[in-house]
Amino acid sequence: MEINRRDFLSWMGGITAHSLVDTAQATLPNHTRFLGARFYKKNKQYVATMADEVGQCIREVVLPGRGHSVIARPGKSEAVAIARRPGNFAVVFSTFGESQPLKFNTPSTRHFQGHATFNPHGNLLFTTENDFDSGSGVIGIYDAKNFYRRIGEIQSYGIGPHELAFMPDGKTLAIANGGILTHPDMGRAKLNITTMEPSLAYVDSSNGGLKAHWVPPPGRKCKLSIRHLAIRRDGLVAYACQDQGPINDAIPLIGLHRPNWHKPILFNAPHSNYAAMNGYCGSLAWDASEQVLAVSSPRGNIVTFWNARSLSLSNVFKIEDGCGVATGQNPGTFVLSSGNGVFMLWPKNLKQNIQKYTPWDNHLSRITN
């Protein structure tokens, strides 16, 4: 299905959206919880953290190394912290009570790529992994009901899968294949920049079949490593990239896609705005109305906010080393975290003194159970 910008805007205009009114009085309910990885510089200790609505720690679990994302298990008081590439550990811990954490690992010829997702029933965990002997990306499958025993894997249909998420049908996995070849013997070195091929793959989680696949055409856009995803309830996929080409080109880093589209629709912004992102998107999330998309750029020290109806930039917020982004309670609101320890509700905290905590690392997720 081919869709152009005019058709897209017309289609978006037909969707009932919450009015993006002044959200300065927005608050989070006091039972809201957030998950993320943090780092204690004094003792060089990595931890997974569950925090309350103002960022104060409720539960903390020591990790064997640097974590990347932490996600909640649907229907259970449980969360999983996934190692940063090329780590091979994951840690399961209780979000209620003090039960002993459980650590599990990838097979010896695999390592985690930083992200995971549960199926809607919460009984299976799907993880992005690297088969570093072949260089291909795989999705590991772990049985959450049986101490996270690894029960198999399916292809990611690309190299360097990073984030993955389930589509609204609860069966199809959307996978962001970054396209960058790595090997644990080389640390985090990028081994194929001249030939890299990023892609979006839509895969049947039950049998591993490829349902749809989009690869950028040869040329400059193949240097955009597709890294992160945020999926709306209607199946619209937002994705964000990290540029492996000359960042002064300042080409668009954010797009929208559906499995039956031949190409994505890109968000528009002046050259200077994309240049300010320094070629790097760290995380993204839809707001509660699913009409505003927040995209962090820790290397640009900004978070940008995009209007999905007009495909345009609506706001820019300066936050040093800000990477974590999670959906807020009300339309137009988000929760942001940073490597400097900032944890804040945007935009409510803009005119308040923001208390700083232990530095937050990479991603922030909200417990919605």
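This is a short tour of two pockets in a predicted model.

**Stop one: the largest pocket**

Start by selecting Thr 117, Ala 165, Ile 231, Arg 366 and Thr 368. Of the 40 residues that line the largest pocket, these lie nearest its centre. The space you are looking into amounts to about 1400 Å³.

Next, select the strands around this space. Strand 4 (67-72), strand 8 (110-118), strand 12 (161-166), strand 16 (224-231), strand 20 (283-286), strand 24 (322-327) and strand 27 (360-367) are the elements that give two or more residues to the lining. Keep strand 27 highlighted: with 5 residues, strand 27 gives the most to the lining of the largest pocket.

Now colour the lining of the largest pocket by residue class. You should find 23 nonpolar, 11 polar and 6 charged residues.

**Stop two: the second largest pocket**

Select Arg 66, Arg 84, Arg 188, Tyr 280 and Asn 362. They are the closest to the centre of the second largest pocket, out of 35 residues that line it. The volume here is about 750 Å³.

Which strands should you select for this lining, each supplying at least two residues? Choose strand 8, strand 16, strand 17 (237-243) and strand 27. Strand 27 gives the most to the lining of the second largest pocket, with 4 residues.

Colour this lining by class as well. The second largest pocket has 9 nonpolar, 15 polar and 11 charged residues in its lining.

**Last stop: strand 27**

Finish with strand 27 alone on display. Strand 27 gives the most to the lining of the largest pocket, and strand 27 also gives the most to the lining of the second largest pocket.

Notes
Residues are numbered from 1 along each chain as its sequence is written. This is a predicted model: local features need pLDDT of at least 70, side-chain atom pairs count only at pLDDT 80 or more; totals for chains, interfaces and linings use all residues. Side-chain values use heavy atoms; hydrogens and water are left out. On a 1 Å grid over the protein atoms alone, a cavity is a set of points where a 1.4 Å probe fits but cannot get out, and a pocket is an open set with protein on both sides within 12 Å along at least five of seven lines; lining residues have an atom within 4 Å of a point. Grid points are joined across faces, edges and corners, and a volume is the space filled by probe spheres set on the points. Ala, Val, Leu, Ile, Met, Phe, Trp, Tyr, Cys and Pro count as nonpolar, Asp, Glu, Lys and Arg as charged, and the others, Gly among them, as polar.
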